[in-house]
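Biologist: Hey, got a minute to walk me through this one? I'd like the basics before anything else.

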Amino acid sequence: MPDTVSSNETLRPWDPVVRLTHWGIAAAVLLNGLVTEDGGRVHVWVGYAAFALLALRLIWGLVGTKRARFASFPPSLSTARAHLGDLLAGRYRDYPSHNPLGSLMAYALWGLLAVVTLTGIGMAGSPFEERPATRQESVASHDRDDEREREEEDEVLEEVHEVAANLILVLAALHVAGVGLESRLAGRNLVRPMLGGRSSGKEG
């Protein structure tokens, strides 16, 4: 079972890299999921930014601060079930890093984000190259069989991209709801450490 901390112990802010990647990825997901035009230049650039932030977070999970490293919050279904049981029974425990349910959520979101960004890159290519305004312009300069194959590949990528993107939005909503619930059970604002502040435990 992961280490826990006393309910009266002050939870330190997350380090700057964790905060940057967390809020940067959240902003990118909201922008591309709810605001930007699918396939547009802004959408593509935001996707590349999300990919870069994800890569930074994964590297930081290997070489970063102790609390941010993957070893501090390994995914475990058994410990997640135990943590959920504690919550349902009205018992709350603080963890120095992500709690077991938060760990599973983090890995699920990272995995889906990797799928979304990689399929997006596969469809969009380099953001620096000029893309044909229409498919017909592309056909004029390529063999039709190659173009048909490319269209089929794009359809598969687009389908996977859309499903993964929608799943991210669903999990993000569950994540926000979960943080709100645990903040209430803990008697403290658990978002504050991700904003750079300290979150003190309730008096026991």
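Modeller: Sure, and one term up front: a patch here is made of residues with over 30% relative accessible area and no salt bridge, with nonpolar side chains joined within 5 Å. Keep in mind that this is a predicted model.

Biologist: OK, so which residues make the nonpolar surface patch?

Modeller: L30, L31, L34 and V35 do, and the patch covers about 400 Å². L30 sits in helix 1, which spans residues 16-35.

Biologist: And why does L30 count as partly exposed?

Modeller: Its relative accessibility is 47%. Buried would need under 20% and exposed over 50%, so L30 falls in between.

Biologist: Let's zoom out. How many helices and strands are there?

Modeller: The chain has 7 helices and 0 strands. Reading from the N terminus, that gives α-α-α-α-α-α-α.

Biologist: How much of the chain is buried?

Modeller: 33% of its 204 residues count as buried. As for the surface, the chain exposes about 12,300 Å², and 61% of that comes from carbon and sulfur atoms.

Biologist: What about contacts between residues far along the sequence?

Modeller: Take the contacts between residues at least 6 apart in sequence: 73% of them join residues at least 24 apart.

Biologist: Back to helix 1, then. Is T21 buried or exposed?

Modeller: T21 lies in helix 1, and it counts as buried because its relative accessibility is 2%. Setting aside neighbours within four places in sequence, T21 touches L53, L56 and R57.

Biologist: Now helix 2. Where is H43, and is it buried or exposed?

Modeller: H43 is in helix 2, residues 41-63. With a relative accessible area of 13%, H43 is buried.

Biologist: What is H43 in contact with?

Modeller: Beyond its neighbours within four places in sequence, H43 contacts N32, T36, E37, D38 and H161.

Biologist: New topic: how do people describe two packed helices?

Modeller: They give the angle between the axes and the distance between the axes.

Biologist: So what are those values for helix 3 and helix 4?

Modeller: Helix 3 (residues 77-88) and helix 4 (residues 100-124) pack at an angle of about 130°, and their axes are 7 Å apart. That angle makes the two helices oblique to each other.

Biologist: Which residues make the contact?

Modeller: On helix 3 they are L77, T79, A80, H83, L84 and L87. Helix 4 brings P100, L101 and L104.

Biologist: Great, thanks!

How values were computed. Residues numbered from 1 in each chain as written. Predicted model: local features only at pLDDT ≥ 70, side-chain atom pairs only at ≥ 80, totals over all residues. Heavy atoms only, no water. Patch = residues over 30% accessible without salt bridge, like charges linked within 9 Å, V, L, I, M, F, W, Y side chains within 5 Å. Areas by Shrake-Rupley, 256 points an atom, 1.4 Å probe, with all protein chains shown as cover. Salt bridge = Lys/Arg side-chain N within 4 Å of Asp/Glu carboxyl O. Helix = DSSP H or I, 4+ residues; strand = E, 2+ residues; numbered from the N terminus. Buried < 20%, exposed > 50% of the residue type's maximum accessible area, 1.4 Å probe, protein only. Contact = heavy atoms within 4.5 Å. Axes fitted to C-alpha atoms, helices over the stretch in contact; angles between N-to-C directions. Parallel < 35°, antiparallel > 145°, perpendicular 65-115°, else oblique.
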